[in-house]
Amino acid sequence: MIPPSHPRYKSLIMREKIAEGVEKGIVHITGLIAHGRGEAFDYLIGEKSQHFAEKAARAAAAYLRIAKKPVISVNGNTAVLAAEEIIKLAEIAKARIEVNLFHRSKERIRRVIKLLEEKGGKNILGLEGDARIPGLKHDRAICSYEGIYSSDVILVPLEDGDRCEALKKMGKAVLTIDLNPLSRTARNADVTIVDNVTRAIPNIRKEYEKMEKPEEVIKKWNNSKNLQIALDFICERLKKIYGC
Ligand code: PTJ
């Protein structure tokens, strides 16, 4: 039992959800490592949505607004941390949800789909595996023709660098959520939200709801510049805390 008064309550609850997800066969064992890396970066940004994350969430919402076939790709970690918020965002943005796993197994796809359905998700894609992302040898290339393959805008939290590049080569706009501003995904995506999925997804939804001129937001968006702002923020914060 973690008391809600604990100063790092939210972080500890996330950790519990990930561990429980592994026990239930929803999260891959290496998802624990990925989560730990995320936790470290979350600590560095102060465990809250900073201005650069809010700005990126607005840019992501703008891309979703202009999308004709938006898709949200979900893996094990994202499902256990943010299933309800993903479903809400998919509904409002009229996006398809596709379960796409790095460590692909039909059994785990079924479990992730079941979790999403229990939370109210409908017509979740992922089991078909009737298309491939060109140029990727890994199993993560296997996707749904109706979903990721034919999408124009794709939101992929916790993405891997190779697939991000391959999706870009297919001409898609790639939106990602990654606490690590140095990752290859962060650097290759069209929009990188340096924030926790648990905060970033509701932020995108709120921005989507109030979005008025998406084309203008996209025109002004500079992902590299925003990543530099995130890194500068971390450096400044460390200097202030430790005085070095
Ligand atoms: O369920 P699967 O099989 O698709 O596997 C998923 C994992 C996460 C294991 C797989 O995609 C993986 O190995 O990911 P990486 O390459 O470790 O990348 C994960 C990235 O996400 C890292 O840069 C972390 O900093 C970041 N991250 C981890 N947890 C969060 C996060 N970013 C946002 N929110 C989080 N909660």
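This is a tutorial dialogue on reading a predicted model of a protein with a bound ligand.

Me: Let us begin with the ligand. How many residues surround the ligand, and which are the closest?

Reply: One begins with the shell of residues around the ligand. Here the shell has 19 residues, and the closest are Gly76, Phe102, His103, Arg108 and Asp178. By class, seven of the shell residues are nonpolar, eight are polar and four are charged.

Me: Which helix gives the most to the shell around the ligand?

Reply: Helix H2 gives the most, with four residues. Two helices, H2 (31-44) and H4 (76-93), each supply at least two residues of the shell.

Me: Which polar atoms of the protein should I inspect beside the ligand?

Reply: The general approach is to look for N or O atoms on both sides and to ask whether the protein atom belongs to a side chain or to the backbone. In this model, an N or O atom in the side chain of Arg37 is 3.0 Å from an oxygen atom of the ligand. His103 uses its backbone: a polar backbone atom of His103 is 2.9 Å from a ligand oxygen. A nitrogen atom of the ligand has a polar side-chain atom of Asn196 at 3.1 Å. As for cover, the ligand taken alone exposes 740 Å², of which the protein buries 93%.

Me: Asn196 has appeared beside the ligand. How far is Asp42 from Asn196 in sequence and in space?

Reply: Such a pair is read by setting the separation in sequence beside the distance in space. Asp42 and Asn196 are 154 residues apart in sequence, and their C-alpha atoms are 6.9 Å apart. Asp42 lies in helix H2. Leaving aside neighbours within four places in sequence, Asp42 is in contact with Glu47, Lys48, Leu179, Asn196 and Arg199.

Me: Why does Asp42 count as buried?

Reply: Asp42 counts as buried because its relative accessibility is 4%, and the cut-off for buried is under 20%. A further distant pair is Gly46 and Arg237, with their positions 191 residues apart in sequence and 8.7 Å between their C-alpha atoms. Gly46 is found in the loop between H2 and helix H3 (51-66). Gly46 is partly exposed, because its relative accessible area is 27%.

Me: How should I read the nonpolar interior? Which residues have the most contacts inside the largest nonpolar core?

Reply: One asks which buried nonpolar residues are joined through their side chains. The largest such core in this model has 61 residues, and those with the most contacts inside it are Leu116, Val191, Ile193 and Ile204. Not counting residues up to four places away in sequence, Ile204 touches Ala57, Ala60, Ala61, Leu64, Leu89, Leu155, Ile177 and Ile193. A second, separate core of 14 residues includes Ala141, Cys164, Ala166 and Leu167.

Me: Cys164, Ala166 and Leu167 belong to that second core. Which residues of H7 are buried, and what covers them?

Reply: For a helix, one lists the buried residues and then the elements that cover them. The buried residues of H7 are Gly161, Arg163, Cys164, Ala166 and Leu167. Their cover includes strand S1 (70-74), helix H6 (145-149), S5, S6 and H8. After H7 comes Gly171, which has a positive phi near 90 degrees.

Me: What should I make of a positive phi outside glycine?

Reply: Most residues other than glycine have a negative phi. Lys94 has a positive value, near 50 degrees, and lies in the loop between H4 and strand S2 (96-99). Leu158 likewise has a positive phi, of about 50 degrees; its place is the loop between strand S5 (153-157) and helix H7 (161-169).

Me: Are Lys94 and Leu158 buried, partly exposed or exposed?

Reply: Lys94 is exposed, because its relative accessible area is 70%. Leu158 counts as partly exposed, because its relative accessibility is 29%.

Me: Which residues does Thr78 touch?

Reply: Residues up to four places away in sequence are set aside in such a list. Thr78 then touches Ala83, Ile86, Pro157, Leu158, Val197 and Ile201. Thr78 is placed in helix H4, and it is buried because its relative accessible area is 0%.

Me: With which side chain does the side chain of Ser183 make a polar contact?

Reply: The partner is the side chain of Asp178, at 2.8 Å. Ser183 is found in the loop between strand S6 (173-177) and helix H8 (184-188). Ser183 is buried, because its relative accessible area is 13%. Asp178 also belongs to the residues closest to the ligand.

Note on methods. Residues numbered from 1 in each chain as written. Predicted model: local features only at pLDDT ≥ 70, side-chain atom pairs only at ≥ 80, totals over all residues. Heavy atoms only, no water. Near = heavy atom within 4 Å. Polar contact = N/O pair within 3.5 Å; in protein donor to acceptor, adjacent residues only side chain to side chain. Areas by Shrake-Rupley, 256 points an atom, 1.4 Å probe, with all protein chains shown as cover. Nonpolar A, V, L, I, M, F, W, Y, C, P; charged D, E, K, R; others polar. Core = buried A, V, L, I, M, F, W, Y, C linked by side-chain atoms within 4.5 Å. Buried < 20%, exposed > 50% of the residue type's maximum accessible area, 1.4 Å probe, protein only. Contact = heavy atoms within 4.5 Å.
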